[in-house]
Amino acid sequence: MRLHCPICGERDRREFYYQGAAVMLERPGPDAGAAAWDDYLHLRDNTAGDLDELWSHDAGCGAWLRVTRNVSTHEIKTVVLAREIKR
Amino acid sequence: MRVDGKGLIDRSQPVTFRFDGTAYRGFAGDTLASALLANDVRHVARSFKYHRPRGILTAGSEEPNALMTIGRGASADPNVRATVQELFEGLEARSQNSWPSLGFDLLSVNDLAAPFLGAGFYYKTFMWPRVFWEKVYEPFIRRAAGLGALSGEQDADHYEKAYAFCDVLVIGAGPAGLMAAWTAAQSGVRVILADEDSRMGGRLNAETLAIDGASGADWAARMVSELAAMDNVRLMPRTTVTGAHDGGTFGALERVSHHSNGVPKGGVKETFWRIVAKRSVLAAGAIERHVAFRNNDRPGVMAASAVRAYLNRFGVSPGKAVTVFANNDDAHRTAMDLQDAGVHVAAVIDSRRDAQAMGDYRLMSSAMVSDGHGRRGLEAISVRTASGVEKIATDCLAVSGGWNPTVHMTCHMNGRPTWQDDIASFVPTPGAIPGMDTAGACNGSFATAACLAEGAAAAMRSLEALGATSTEVAVPEADDSAYKIEPLWAVPGNGRAWLDFQNDVSVKDVKQAAQENFASVEHMKRYTTQGMATDQGKNSNVAALAVLADATGRGIPETGTTTFRPPYSPVALAALGAGAQGKGFAPERKTTSHAATVAAGAPMIEAGLWYRPSYYPLPDETTWRQSCDREVGWVRNTVGICDVSTLGKIDIQGPDAAQLLDFVYTNMFSTLKENRVRYGLMLREDGFVMDDGTTARLGPNHYVMTTTTAAAGQVMRHLEFVTQALRPDWDVRIMSVTEQWAQFAVAGPKARTLLNGLLDHSIDDDQWPFMSCGTVGVQGVEGRLFRISFSGEHAYEIAVPSRFGDSLFRLLVARAEALGGGAYGMEALNVLRIEKGFITHAEIDGRVTAQDIGMERMLSKKKDFIGATMARRPGLTEDGRAQLVGLKPAGAVKQLTAGAHIYSDGEEPMHEHDQGYVTSVGFSPTLGHYVGLGFVRDGLIRHGDVLNMVDHVRGIQTRVELCDPVFFDPEGGRTRG
């Protein structure tokens with residue numbers, strides 16, 4: 001599998017570290033309540049299709065990426081720098 | 001036998017080789033198989049299960065029978081297919097799967113016992129009695145199992161991995177592949193053309209078909225040489241594309257040195273490639289299938305296409321009186337080619353009623369071969385016709401049941417092939433691999449003209465998709481005869497008719513599987529083992545499916561295929577793992593003090609990839625404990641030096657650096673003054689401890705964080721996540737500087753004495769109190785000094801740019817020795833920190849909370865931080881959790897062991913009575929007894945309790961007293977003084 005790092009270009013997936021669903025980008029506030037935190041940390045959709053994921057270009061520039069990937073076909077739809085999402 | 005005037009071999013270059021000890025001669029350009037056939041060696045192997053004599057069946061990588069061991073000793077390769085092994089001077093081949101010899105094989109009794117060894121035999125037989133499982137059945141199965149044998153020695157040959165990139169990858173260099181590569185190359189895009197054979201051209205080298213009036217082989221050779229001259233084309237012969245993977249990535253195995261006698265010095269045996277292609281054209285050809293009939297596995301029974309390949313490419317006729325058995329027109333060319341070369345064709349047997357002779361040979365239509373005679377080599381066949389059974393003398397039967405397109409690669413990403421009735425076989429389903437086009441025989445188009453046209457068309461589609469300007473190329477004239485076939489899978493009759501030669505699976509076995517309700521193709525496969533050998537059923541899958549479909553009353557498309565998985569043909573693990581053995585798997589990270597440390601005779605231990613000294617032995621010391629005790633004493637009484645460069649160092653700068661630290665640490669860092677150091681505790685978002693360490697503030701917006709050696713990578717990634725993904729609005733930059741700085745602990749009452757005289761300006765307690773830091777001059781080099789302590793003594797850590805590390809270490813050690821101390825290693829470091837109750841990842845193992853280690857007060861209530869919310873959830877804060885305690889021996893046995901568990905008095909040492917466990921232990925020479933750290937249920941309020949420690953693994957049991965984890969100098973006066 002290959003990922004297009006917006007900074008480095010297209011690279012082999014061996015250069016990347018996989019984190020999981022991009023839910024981790026939406027950190028609840030300290031007072032959001034137990035349910036919101038439980039959801040944030042533990043509950044994930046079991047999608048058989050497009051999924052927003054977090055990858056880190058560990059063996060490259062160190063950028064955190066939000067990758068939209070079809071987990072059934074491994075087709076990569078989009079790759080966005082995580083830092084661009086909150087801006 | 002050799003046939004004069006035929007073949008692409010070089011008869012001016014004779015080659016000598018040995019097979020099972022006997023010397024033979026062949027020619028350059030031969031394969032081992034063609035040279036054996038030229039020498040009339042027909043019986044070359046024994047089959048896997050029944051040890052039946054077998055001969056060469058094919059002329060390609062699909063060969064199921066002729067598996068041999070090539071070479072000797074550590075570099076011997078088992079299971080090499082003689083049909084792909086190029087001949088070289090001095091080649092040594094040995095047959096496999098026979099004992100004591102190929103001619104007389106004891107396990108061939110299996111063949112006589114065959115009625116008892118059919119499908120499902122293992123499942124039914126090795127069940128009872130239970131006591132036989134280990135003692136009888138397993139040794140028996142192990143001895144009988146497996147094809148070939150490894151040498152048992154380390155493989156000394158070198159293998160490599162490599163990467164290649166291109167716009168168009170063309171897989172297979174037959175007429176379709178050559179035409180595709182040629183067409184794509186004209187536009188200037190980067191083309192890779194890979195073919196498993198040493199000579200490109202595919203079937204053109206094996207047939208007498210003409211292209212543009214010239215011989216097909218000559219046309220192929222001309223195309224290859226023109227492609228080779230182009231800068232944008234890379235030819236990869238002897239390279240099997242083994243798999244199609246995600247994102248246009250392909251695996252490919254290049255056999256670099258198998259055609260030479262040993263790997264040349266400095267060379268490699270095989271290279272495993274990862275080829276990344278924007279587009280690909282599959283032109284993998286087709287594999288001729290067999291027909292099942294009684295004794296269709298006699299040596300001398302071959303694929304018709306293989307007989308033509310041996311004749312036309314290698315100038316060898318596998319027989320003197322050849323018969324042909326077919327259900328299609330294509331195979332008739334075998335008879336024509338043989339006759340043209342002067343070989344006697346005894347008969348052509350065609351199962352079709354309307355079969356037409358293409359030349360002057362005896363044609364028997366509506367006829368089938370019903371038996372093969374001659375145990376070690378074919379002598380005659382029985383032919384069943386409307387008028388009865390006729391026995392025909394023949395030493396070679398060329399069989400063709402039609403062609404199976406090589407669709408394998410199109411199914412590597414979950415695709416399934418499509419059944420095509422007119423060719424009675426499966427063809428690729430379009431779009432099964434993104435970016436891949438298929439062309440030629442692998443697409444079900446068997447005529448040469450169609451192969452050429454489809455190759456050009458596939459390349460044009462690739463160019464269009466790439467947006468490259470394409471040039472129309474002329475497709476040469478070639479044979480365009482139709483492929484006429486009537487399916488024939490198995491000749492009816494008694495006796496065993498073989499489908500899978502490599503795993504000895506017969507028509508009867510498949511029918512039996514269906515009868516016993518293993519009717520799904522995946523079940524049939526596993527029950528009979530059909531298609532599970534190293535050829536993965538390349539010769540037998542479709543026929544076995546057809547037999548299964550017939551037995552279950554379904555059609556072939558409804559029966560479906562099993563899953564095609566990479567690799568297309570076997571790949572040695574040595575090639576897949578190239579570069580990842582030994583130090584390639586775990587590279588060495590060395591500190592700047594490595595050379596001096598090794599010179600001092602210190603045994604090294606691994607800490608992750610780092611190498612660190614265990615202890616520094618003196619000449620009169622015989623045990624590590626003596627060295628360790630002495631080094632601890634140095635630090636407690638004089639001064640010791642220890643390389644601490646392996647700890648992670650992260651440089652943090654920017655106006656928001658303090659905010660970042662407040663967010664990732666549980667305690668406050670924005671309040672830290674310049675030139676001061678603070679201990680920090682870091683949690684994961686789920687509330688458990690991630691890491692700990694000290695962070696120094698070097699300037700208003702400049703901090704240096706240290707992490708533990710073990711978690712350096714994890715913490716760096718975590719900080720990257722926080723700064724990029726959670727708070728990209730903060731103006732802060734982070735950078736790992738672990739390898740840029742060499743850092744040494746100078747610890748002990750004489751630490752300052754040591755430093756004064758070394759530093760450009762002397763230091764004192766007022767300027768440099770405990771937990772201070774700053775820039776210092778070290779013999780004219782700008783360095784950093786931190787007054788921090790991991791030993792509980794008056795101590796410093798001194799850092800200089802790495803290039804000065806070696807000289808600084810030597811200087812520090814020399815000065816320490818002059819003061820009566822010296823270097824200390826990990827063992828002493830560990831004892832020193834346990835005496836002080838300092839934790840490492842032995843304690844913070846990912847299951848431990850701040851409360852568990854007695855650091856609840858470090859969870860700031862004034863701010864949000866990573867892990868703040870979840871650290872306060874009930875499960876992490878309620879009573880009953882295991883908490884950090886000190887442990888000291890309180891019974892007759894004075895030893896403590898890490899990993900031991902702790903149980904209450906008077907209770908059985910078993911899981912349900914578990915009270916906790918021991919994480920770290922060491923003998924404290926300072927206190928004269930063992931000291932340990934561990935986690936015990938509610939341990940914080942149980943100091944003074946005496947419990948049982950039981951180490952079930954080492955068989956050690958003692959009583960331990962729970963105490964404060966700080967064994968030595970609890971007031972900390974030594975650190976500050």
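Okay, let's start with chain A: it has two helices and six strands. Keep in mind that what you're looking at is a predicted model. If you walk along the sequence of chain A, the order goes β-β-β-α-β-β-β-α, so to speak a string of letters you can trace with your finger.

How far does chain A stretch along its principal axes? For the C-alpha trace, the span is about 40 × 30 × 20 Å. Chain A has 87 residues, and 20% of them count as buried. Then there's the question of who touches whom. Take the contacts in chain A with a separation of 6 or more: 50% of those come from residues 24 or more positions apart.

Now over to chain B, where I'd like to show you three strands. Find E21(B), residues 368–373, and E22(B), residues 380–385. These two pair in the antiparallel sense, over five bridges. If you want one spot to zoom in on, B:Gly372 stands opposite B:Ile381 in E22(B).

What links E21(B) and E22(B)? They form a hairpin, with six residues between them. In that turn, look for B:Gly374, which has a positive phi of about 105 degrees.

Carry on along the chain and you get to E23(B), residues 388–393. E22(B) pairs with E23(B) too, again in the antiparallel sense, and here there are six bridges. Which residue in E23(B) is the bridge partner of B:Ser382? That's B:Lys391. E22(B) and E23(B) also make a hairpin, this one with two residues between the strands.

So, E22(B) pairs with E21(B) and with E23(B). Okay, that's my bit!

Key:
Residues numbered from 1 in each chain as written. Chains lettered and ligands numbered in written order. Predicted model: local features only at pLDDT ≥ 70, side-chain atom pairs only at ≥ 80, totals over all residues. Helix = DSSP H or I, 4+ residues; strand = E, 2+ residues; numbered from the N terminus. Buried ≥ 20, exposed ≤ 12 C-beta atoms within 10 Å, placed from the backbone. Contact = placed C-beta atoms within 7 Å. Pairing = 2+ DSSP bridges.
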